[in-house]
Amino acid sequence: ENAVISGFLSIVMKLNEAQLKAVFLALIKWVSLVAPSQQQQKQQQEQQQEEHARNKKRAKHDAGDDGSGSGSGEADKAGMIKANPERTATLLRVASALVGRLKSIFTPYLGHVTDHLVM
């Protein structure tokens, strides 16, 4: 990983600011991507949750409850995509190396890193 980061820094040093931003945002996007197996697993979980919600609603309907109570918001939490922790660690190492090399030039881009970590 250190060799790749070193090579990445060599390339970045040849870029202008607009190109740096594009490359760095592509790195952020890569970190946020979910591997196909994770995506399939997420879809299966969503289908199971939808089926569970339908069954729960049917049970309430059969019991005479209209099911209009407030929800717990679990579906929203389940729908969130969590970034790959290994890729996130790589992003932090790359950002650290860029800060060390580019100093204040890279400071505006740190907001993208913190936004990603807060997701």
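These are legends for a set of close-up views of a predicted model.

**View 1. The whole chain is helical in its layout, with six helices and zero strands.** Following the sequence from start to end, you get the pattern α-α-α-α-α-α. The protein has 119 residues, and 18% of them count as buried. Its accessible surface adds up to about 8,800 Å², with 55% of that belonging to carbon and sulfur atoms. Look at the contacts with a separation of 6 or more, and 85% of them are between residues 24 or more positions apart.

**View 2. Phe24 and Phe106 meet edge-to-face.** The protein has three aromatic pairs. In one of them, the rings of Phe24 and Phe106 sit 5.0 Å centre to centre, with 90 degrees between the planes. This pair links distant parts of the chain: Phe24 belongs to helix 2 (residues 17–32), while Phe106 is in the loop between helix 5 and helix 6 (110–118), and the two are 82 residues apart. Both Phe24 and Phe106 are buried. Setting aside neighbours within four places in sequence, Phe106 is in contact with Phe24, Ala95, Leu98 and Val99.

**View 3. Phe24, Phe106 and Tyr109 make up one aromatic cluster.** Buried or exposed: which is Phe24? Its relative accessibility is 0%, so Phe24 counts as buried. Tyr109 counts as buried too, at 4% relative accessibility. The ring centres of Phe24 and Tyr109 are 6.2 Å apart and the planes are at 70 degrees; that angle is over 60, so this pair is edge-to-face. Here again the pair links distant parts of the chain, from Phe24 in helix 2 to Tyr109 in the loop between helix 5 and helix 6, 85 residues apart.

**View 4. The largest nonpolar core has 16 residues.** Which of them touch the most other members? They are Phe24, Leu91, Leu98, Leu102 and Phe106. Helix 1 (2–12), helix 2 and helix 5 are the elements that give two or more residues to this core. As a general point, nonpolar side chains in soluble globular proteins tend to be buried together.

**View 5. Helix 1 has a buried side and an exposed side.** The buried residues in this helix include Ile5, Leu9 and Val12. They span an arc of only 65 degrees around the axis, so they end up on the same side of helix 1. The general helix rule is handy here: an α-helix has 3.6 residues a turn, so residues three or four places apart point the same way. What covers the buried residues of helix 1? The cover includes helix 2 and helix 5. Turn to the other side of helix 1 and you find Ala3, Val4 and Ile11, which are exposed.

**View 6. Thr90 makes a polar contact with Glu1.** Thr90 lies in helix 5 (residues 85–102). The side chains of Thr90 and Glu1 are joined by a polar contact of 3.1 Å. If you leave out neighbours within four places in sequence, Thr90 is in contact with Glu1 and Trp30. Why does Thr90 count as buried? Its relative accessible area is 15%, and the cut-off for buried is under 20%.

**View 7. Asn84 and Trp30 are compared in sequence and in space.** How far apart are Asn84 and Trp30? They are 54 residues apart in sequence, while in space the C-alpha to C-alpha distance is 9.6 Å. Asn84 is part of the loop between helix 4 (74–78) and helix 5. With a relative accessibility of 16%, which is under 20%, Asn84 counts as buried.

**View 8. Lys103 has a positive phi.** The value is about 50 degrees, although Lys103 is not a glycine. For background, most residues other than glycine have a negative phi. Where does Lys103 sit? Lys103 is in the loop between helix 5 and helix 6. Lys103 is exposed, since its relative accessible area of 54% is over 50%.

Technical notes. Residues are numbered from 1 along each chain as its sequence is written. This is a predicted model: local features need pLDDT of at least 70, side-chain atom pairs count only at pLDDT 80 or more; totals for chains, interfaces and linings use all residues. Side-chain values use heavy atoms; hydrogens and water are left out. Helices (H or I, at least four residues) and strands (E, at least two) are DSSP runs, numbered from the N terminus. Buried means under 20% relative accessible area, exposed over 50%, partly exposed in between (1.4 Å probe, protein chains only). A polar contact is a pair of N or O atoms within 3.5 Å; within protein, one must be able to donate a hydrogen and the other to accept it, and residues adjacent in sequence count only if both atoms are side-chain atoms. Contact means heavy atoms within 4.5 Å. Accessible areas come from the Shrake-Rupley method with a 1.4 Å probe; for residues, only the protein chains shown count as cover. Rings of Phe, Tyr and Trp (its six-membered ring) pair if their centres lie within 6.5 Å; planes under 30 degrees apart count as stacked, over 60 as edge-to-face and the rest as tilted. A nonpolar core is a set of buried Ala, Val, Leu, Ile, Met, Phe, Trp, Tyr and Cys residues joined through side-chain atoms within 4.5 Å. The arc is that of the directions from the helix axis to the C-beta atoms.
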